[in-house]
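Visitor: I would like to take a close look at a single part of this structure, and to have it described with some care.
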Protein chains: 2
Amino acid sequence: MTVISVNGQLGPSVSALDRGLAFGDGVFESMRLLKGQLPLWSYHRSRLVEGCQRLSIPVDITSVENWVQKLISDAAAEKAEGVLKIIVTRGAGGRGYGIDPTLVPTVVCSLHPPPPALSRQPVNLHLCQQRLSINPVLAEIKHLNRLENILLKAECQKAGFEDGLVMDADERVVETTSSNVFLERDGQLYTPSLKNCGVDGVMRRFIINELLPVLNINVEIAAIDLTSLPTFNSVFVCNSVRGIVEVSKIGDVIFSPGEVIDQLQRVLSESRFGS
Amino acid sequence: MTVISVNGQLGPSVSALDRGLAFGDGVFESMRLLKGQLPLWSYHRSRLVEGCQRLSIPVDITSVENWVQKLISDAAAEKAEGVLKIIVTRGAGGRGYGIDPTLVPTVVCSLHPPPPALSRQPVNLHLCQQRLSINPVLAEIKHLNRLENILLKAECQKAGFEDGLVMDADERVVETTSSNVFLERDGQLYTPSLKNCGVDGVMRRFIINELLPVLNINVEIAAIDLTSLPTFNSVFVCNSVRGIVEVSKIGDVIFSPGEVIDQLQRVLSESRFGS
């Protein structure tokens with residue numbers, strides 16, 4: 001069952017005039033609830049604040065934190081597993097694109113059942129045909145304009161895949177429809193730059209900031225052309241709900257199991273994100 | 001006062017799990033209500049159906065028409081002036097990007113007060129610095145992913161303008177933040193191609209399909225580089241709420257009053273859209 005609160009009050013609905021609905025005018029976060037805790041909360045909090053700053057949405061992050069805790073308490077989920085989602089929009093009102101600075105942001109918190117148990121099996125990714133558009137102004141943040149992801153995910157499903165590798169209009173590797181991607185060649189780890197498009201995922205940040213330093217492994221944030229895909233030895237994808245997953249094949253390109261992936265999965269399971 | 005219905009029932013709210021709110025997963029239309037009538041309804045209907053087809057949203061357009069009529073009746077607006085807005089989303093449910101084909105679309109109809117009386121004064125447009133991203137898959141339709149328009153409108157307002165001319169990432173003229181644009185040089189009319197980005201506006205279609213033929217004037221749909229802007233003699237913008245408005249200046253470039261603009265405003269006022 002899904003339990004929902006809007007600006008701290010339990011309830012299933014938002015105003016039909018909300019700008020989140022009208023224009024996708026807001027940001028969101030999805031995260032694992034593990035034993036009633038949100039282990040990567042500090043990262044989600046940072047990205048939520050960054051996204052609201054980028055869009056000039058005057059969110060009160062302390063209220064958001066209180067409302068999240070209240071929802072967990074109201075749902076009696078203090079020891080539960082699940083997925084918590086937070087949507088912050090600019091608020092309800094108006095009909096045009098112009099921003100009314102007096103609007104009060106809408107904060108929707110919802111608590112969902114946990115995803116199916118993680119398989120340790122490597123995944124095959126579809127090589128997506130549709131391209132992500134390039135827009136540095138909207139890159140990195142997790143805004144609510146997600147039609148591109150929806151259409152890309154539909155392309156994957158139609159091709160018989162759960163997920164797929166996505167390139168931008170310049171034929172550079174960006175991400176999958178719902179994960180970030182890391183690629184390894186001769187022991188050197190790379191992950192795509194997200195300055196032009198894509199979401200800077202919380203698990204990506206956690207890996208770069210906390211897990212790789214434990215293993216004393218460097219990562220290069222780089223422009224990665226699609227044509228260079230066969231030059232990599234191993235690949236993994238990551239997000240803050242599913243953790244780290246090895247990739248065995250993308251389109252026709254086959255990858256080996258990588259030692260760094262095993263090491264990362266181990267330090268992840270030993271970290272505060274470990275379940 | 002704004003009167004709202006959701007799937008035909010009067011009411012102010014939608015599910016907090018609606019995919020319109022979660023991802024901007026839907027389309028919308030805004031149109032003038034004139035003496036209780038929707039004069040360009042056939043055009044809005046067409047674009048709504050096109051948009052839903054593009055996004056694979058199984059909208060029942062006959063129900064939408066019935067709910068629009070019911071809202072006008074419920075609001076006792078059979079002879080009223082105003083702006084009617086319709087939002088169609090994929091419906092409520094789920095947490096991920098994947099499409100559940102069993103979802104029932106959400107249709108929000110809302111009736112708003114009329115905009116301030118139209119000024120016949122030419123407008124000055126800001127020359128926007130932000131660029132529209134290029135994505136043919138989402139071009140032309142009026143989807144709910146409008147953060148680019150919001151940020152562009154904010155740029156205009158910050159610069160002291162109501163609206164501004166917007167270019168794409170290839171430096172081609174596309175539209176303004178809320179209107180389509182037509183440009184005239186030596187008697188020949190042009191309007192930007194919208195295959196890469198931008199909204200194919202209902203007033204643009206009405207002008208091309210019905211008004212220009214009355215005047216026996218041709219228009220060329222073309223790629224228009226920003227650098228060519230000073231070569232045009234006159235410019236006008238149009239949308240289905242404000243009609244046709246002459247542009248006197250864009251950035252530093254000054255335009256003359258154009259005879260074709262006077263003619264078009266006259267035939268528009270004599271058409272079924274005339275107020």
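Across which strands of chain A does helix H2 (residues 41–54) lie, and at about what angle does it run to E4(A)?

Guide: In this predicted model, helix H2 of chain A lies across E4 and strand E5 (82–89) of chain A, and its direction is at about 175° to that of E4(A). Both of these strands belong to an open sheet of five strands in chain A, whose order is E2-E1-E6-E5-E4 and whose pairing is antiparallel. Strand E2 (9–10) and strand E4 (26–33) of chain A stand at the edges of this sheet, and because each has a single partner strand, one side of each is left without a neighbour in the sheet. Strands of a sheet pair through backbone hydrogen bonds, which may be arranged in parallel or antiparallel fashion. At the E2 edge, strand E1 (residues 3–6) of chain A runs antiparallel to E2(A) and is joined to it by two bridges, and A:Ser5 has A:Leu10 in E2(A) as its bridge partner.

The chain that holds this sheet can also be set against its copy: a rotation of 180°, with 0.0 Å of shift along its axis, superposes chain A on chain B with an RMSD of 0.0 Å. The two copies are therefore related as by a two-fold rotation axis, and in chain A the C-alpha nearest that axis belongs to A:Leu21, at 2.0 Å from it. Since 100% of the interface residues of chain A are also interface residues in chain B, the copies meet through the same surface.

Notes. Residues are numbered from 1 along each chain as its sequence is written. Chains are lettered from A and ligands numbered from 1 in the order in which they are written. This is a predicted model: local features need pLDDT of at least 70, side-chain atom pairs count only at pLDDT 80 or more; totals for chains, interfaces and linings use all residues. Side-chain values use heavy atoms; hydrogens and water are left out. Two strands pair if DSSP finds at least two bridges between them. Helices (H or I, at least four residues) and strands (E, at least two) are DSSP runs, numbered from the N terminus. Contact means heavy atoms within 4.5 Å. Axes are lines fitted to C-alpha atoms, for helices over the stretch in contact, and angles run from 0 to 180 degrees between N-to-C directions. Copies are superposed by least squares on the C-alpha atoms of residues with pLDDT of at least 70 in both.
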